[in-house]
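This report goes through a single protein chain element by element. The sequence and the model are shown first.

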Amino acid sequence: GHTRCIGFSYREPTNDLMKNKPVGRTAPLITNVMWRNLLAQAFYQISVLLVLQFRGRSIFGVTERVKNTLIFNTFVLCQVFNEFNARSLEKKNVFRGLHKNRLFVGIIVVTVVLQVVMVEFLKRFADTERLNWGQWGVCIAIA
């Protein structure tokens, strides 16, 4: 039978994954667990980003440009943290075996470094504003 790869192309197959029975061609590409995670993540991100969009300036007492940077930064960091959630859809500890997957860790590090560079150093290119430590902490905590 045909098997379906769950996860990302830079993820090594785990023993648990290899123990799964093959699924047929007619099996859904997106499982119920995937739908649950996808919808929960989408609902959370939409809610948080809408609150930031419409109340961000008053909540944080910032300019429009800083508010937009907070939204951009939070969105990107949500995607980074979602990468961890997608590693093991049904496992509680998404960090298990992380040290064995250097490619995954490398991609996460590069993504975070590029995000910091975009926000902190490429103001004109990315139309961002520098964030202080507190604002970075809020973005990370929300994500």
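Which helix gives the most to the nonpolar patch? Helix H4, residues 102-120, does, with 4 residues. The model is predicted, and the account below starts from this helix.

**Helix H4 and the nonpolar patch**

The surface patch consists of Val-105, Val-109, Val-113, Val-117, Phe-121, Leu-122 and Phe-125. Together these nonpolar residues have about 630 Å² of accessible area. An α-helix has 3.6 residues a turn, so residues three or four places apart point the same way. One member of the patch, Val-109, sits in helix H4. Val-109 is classed as partly exposed because its relative accessibility is 46%, which falls between the limits of 20% and 50%.

UniProt, in an unreviewed entry, places a feature named "transmembrane region" at residues 102-122. In the model, that stretch is 90% helix and 0% strand. The C-alpha atoms at the two ends of residues 102-122 are 28 Å apart.

Met-118 also belongs to helix H4. With a relative accessible area of 24%, Met-118 is partly exposed. Its C-alpha atom is separated by 9.3 Å from that of Arg-130, which is 12 residues away along the chain.

**Overall fold**

The chain has 6 helices and 0 strands, giving the pattern α-α-α-α-α-α along the sequence. Of its 143 residues, 29% are buried.

Helix H2 covers residues 32-60 and bends by about 65 degrees at Phe-54. The buried residues of H2 are Val-33, Met-34, Gln-41, Gln-45, Val-48, Leu-49, Leu-52 and Gly-56. Directly after H2 comes Gly-61, which has a positive phi of about 60 degrees.

**The largest nonpolar core**

The largest nonpolar core has 8 residues: Val-62, Val-66, Leu-70, Leu-77, Val-119, Leu-131, Trp-136 and Cys-139. At least two residues of this core come from each of helix H3 (64-87) and helix H6 (133-142). H3 provides the largest share of the core, 3 residues.

**Salt bridges**

How many salt bridges does the structure hold? There are 6 in the structure. Side chains of opposite charge can pair when their charged atoms come close. Three of the pairs are listed here.

| Pair | N to O distance |
|---|---|
| Arg-65 and Glu-129 | 2.9 Å |
| Arg-130 and Glu-120 | 3.2 Å |
| Lys-123 and Glu-129 | 3.6 Å |

The side chains of Arg-65 and Glu-129 form a salt bridge with an N to O distance of 2.9 Å. Arg-65 is in helix H3 and Glu-129 in the loop between helix H5 (123-126) and H6, so this pair ties together parts 64 residues apart in sequence. Both partners are partly exposed: the relative accessibility is 32% for Arg-65 and 22% for Glu-129.

Glu-129 also meets Lys-123 in a salt bridge. Lys-123 is partly exposed as well, at 31% relative accessibility. Arg-65, Lys-123, Asp-127 and Glu-129 are linked in a network of salt bridges. Within this network, Asp-127 lies in the loop between H5 and H6. Asp-127 takes a positive phi of about 55 degrees, although it is not a glycine.

What does the salt bridge between Arg-130 and Glu-120 join? Its closest N and O atoms are 3.2 Å apart. Arg-130 lies in the loop between H5 and H6 and Glu-120 in helix H4, so the pair ties together parts that are 10 residues apart in sequence.

Is Glu-120 buried or exposed? Glu-120 counts as buried because its relative accessible area, 12%, is under 20%. Its partner Arg-130 is partly exposed, with a relative accessible area of 46%.

**The loop between H5 and H6**

Several of the features above meet in one loop. Glu-129 is placed in the loop between H5 and H6, as are Arg-130 and Asp-127. From this loop, Glu-129 pairs with Arg-65 of helix H3, while Arg-130 pairs with Glu-120 of helix H4.

Key:
Residues numbered from 1 in each chain as written. Predicted model: local features only at pLDDT ≥ 70, side-chain atom pairs only at ≥ 80, totals over all residues. Heavy atoms only, no water. UniProt positions renumbered as here; feature names shortened; annotations may be inferred. Patch = residues over 30% accessible without salt bridge, like charges linked within 9 Å, V, L, I, M, F, W, Y side chains within 5 Å. Areas by Shrake-Rupley, 256 points an atom, 1.4 Å probe, with all protein chains shown as cover. Salt bridge = Lys/Arg side-chain N within 4 Å of Asp/Glu carboxyl O. Buried < 20%, exposed > 50% of the residue type's maximum accessible area, 1.4 Å probe, protein only. Bend = angle between axes of the 7 residues up to and from the residue. Core = buried A, V, L, I, M, F, W, Y, C linked by side-chain atoms within 4.5 Å.
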